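This report examines a protein model for a reader who is beginning to study structure. Please keep the sequence and the three-dimensional view at hand while reading.

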Amino acid sequence: MSVGHTAVTTEPVVRCGEEHEDCGIRDVLDRIGDKWSVLVVVELAQGVRRFRQLQRAVPGISQRMLTLTVRRLERDGLVTRTVHPTIPPQVEYALTPTGDSLTHLVKALADWSAEHRDTIARARQEWDSANPDSGIR
């Protein structure tokens, strides 16, 4: 037990019913926990964006990966895709009400990350110093 640990936690963070049931949480976390989805949601929280605007706003994302990401978010009901009949076609993306409801959680995670960044960096340095051959980074 760690120094600051004083009690055994017996209650699960999430209770689903059956012992090994995941309540669909894994599917949702896989989507919003991937490398690009949160960044796309954050950008769309600012308003409707065209494909190229999204691509410029998310540094490092390839055209293919952005296409896959917005399709997956659309499939999950978090993003809408509107094609305007112009030449060439203009495509716009926007958050659905469900996608918009995710933004406060993303903001809370970003706030938590900013608040604990220094503590985590110090803990990593200490751990890396104590375990130099671990290969974990």
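The following paragraphs describe the elements of the chain, its charged side chains, its aromatic pair and some further residues.

**Overall architecture**

The model is predicted. The protein contains 5 helices and 3 strands. Read from the N terminus, these elements follow the order α-α-β-α-α-β-β-α. The protein has 137 residues, of which 20% count as buried.

**Salt bridges**

Side chains of opposite charge can pair when their charged atoms come close. How many salt bridges are there in this model? The count comes to 2 salt bridges. They are set out in the table below.

| Positive residue | Negative residue | N to O distance |
|---|---|---|
| Arg 49 | Glu 43 | 2.6 Å |
| Lys 107 | Asp 111 | 3.0 Å |

Consider the salt bridge of Glu 43 and Arg 49. Glu 43 has a relative accessible area of 17%, and buried means under 20%, so Glu 43 is classed as buried. Arg 49 counts as buried because its relative accessibility is 19%. Arg 49 is part of strand E1, which covers residues 49–50.

The salt bridge between Lys 107 and Asp 111 has both partners in helix H5, which spans residues 97–130. The two residues are 4 residues apart, which is about one turn of the helix. Is Asp 111 buried or partly exposed? Its relative accessible area is 39%, and therefore Asp 111 is partly exposed.

**A patch of positive charge**

On the surface, Arg 64, Arg 71, Arg 72 and Arg 81 gather in a patch of positive charge. Which element supplies the largest share of the patch? Helix H4, residues 63–75, does so with 3 residues. Arg 81, by contrast, is located in strand E2, which comprises residues 79–84. Why does Arg 81 count as partly exposed? The reason is its relative accessibility of 42%, since the partly exposed class lies between 20% and 50%.

**The aromatic pair**

A pair of aromatic rings is described by the distance of the centres and the angle of the planes. The structure holds 1 aromatic pair. Its members are Phe 51 and Tyr 93, with ring centres 6.5 Å apart and an angle of 55° between the planes, and the pair is tilted. Phe 51 belongs to helix H3 (residues 51–57) and Tyr 93 to strand E3 (residues 90–95), so the pair ties together parts that are 42 residues apart in sequence. Both Phe 51 and Tyr 93 are buried.

Tyr 93 also has a spatial relation to Arg 49, the residue already described in the salt bridge with Glu 43. Arg 49 and Tyr 93 are 44 residues apart in sequence, and their C-alpha atoms are 5.4 Å apart in space.

**Further residues along the chain**

Val 40 lies in helix H2, which runs over residues 37–44. Because its relative accessibility is 0%, Val 40 counts as buried. A distance of 9.1 Å separates the C-alpha atoms of Val 40 and Leu 73, although the two residues are 33 residues apart along the chain.

Where in the chain does Pro 88 lie? Pro 88 is in the loop between E2 and E3. The peptide bond that joins Ile 87 and Pro 88 is cis, with omega about -10°. For context, most peptide bonds are trans.

Arg 124 is another residue of helix H5. With a relative accessible area of 56%, Arg 124 is exposed, because exposed means over 50%. Arg 124 and Arg 137 are 13 residues apart in sequence, and their C-alpha atoms are 8.6 Å apart in space.

Key. Residues are numbered from 1 along each chain as its sequence is written. This is a predicted model: local features need pLDDT of at least 70, side-chain atom pairs count only at pLDDT 80 or more; totals for chains, interfaces and linings use all residues. Side-chain values use heavy atoms; hydrogens and water are left out. Patches are made of residues with over 30% relative accessible area and no salt bridge: like charges are joined within 9 Å, nonpolar side chains (Val, Leu, Ile, Met, Phe, Trp, Tyr) within 5 Å. Accessible areas come from the Shrake-Rupley method with a 1.4 Å probe; for residues, only the protein chains shown count as cover. A salt bridge is a side-chain nitrogen of Lys or Arg within 4 Å of a carboxyl oxygen of Asp or Glu. Lys and Arg count as positive and Asp and Glu as negative; His and the chain ends are not counted. The place of a charge is taken as NZ of Lys, CZ of Arg, CG of Asp or CD of Glu. Buried means under 20% relative accessible area, exposed over 50%, partly exposed in between (1.4 Å probe, protein chains only). Rings of Phe, Tyr and Trp (its six-membered ring) pair if their centres lie within 6.5 Å; planes under 30 degrees apart count as stacked, over 60 as edge-to-face and the rest as tilted.
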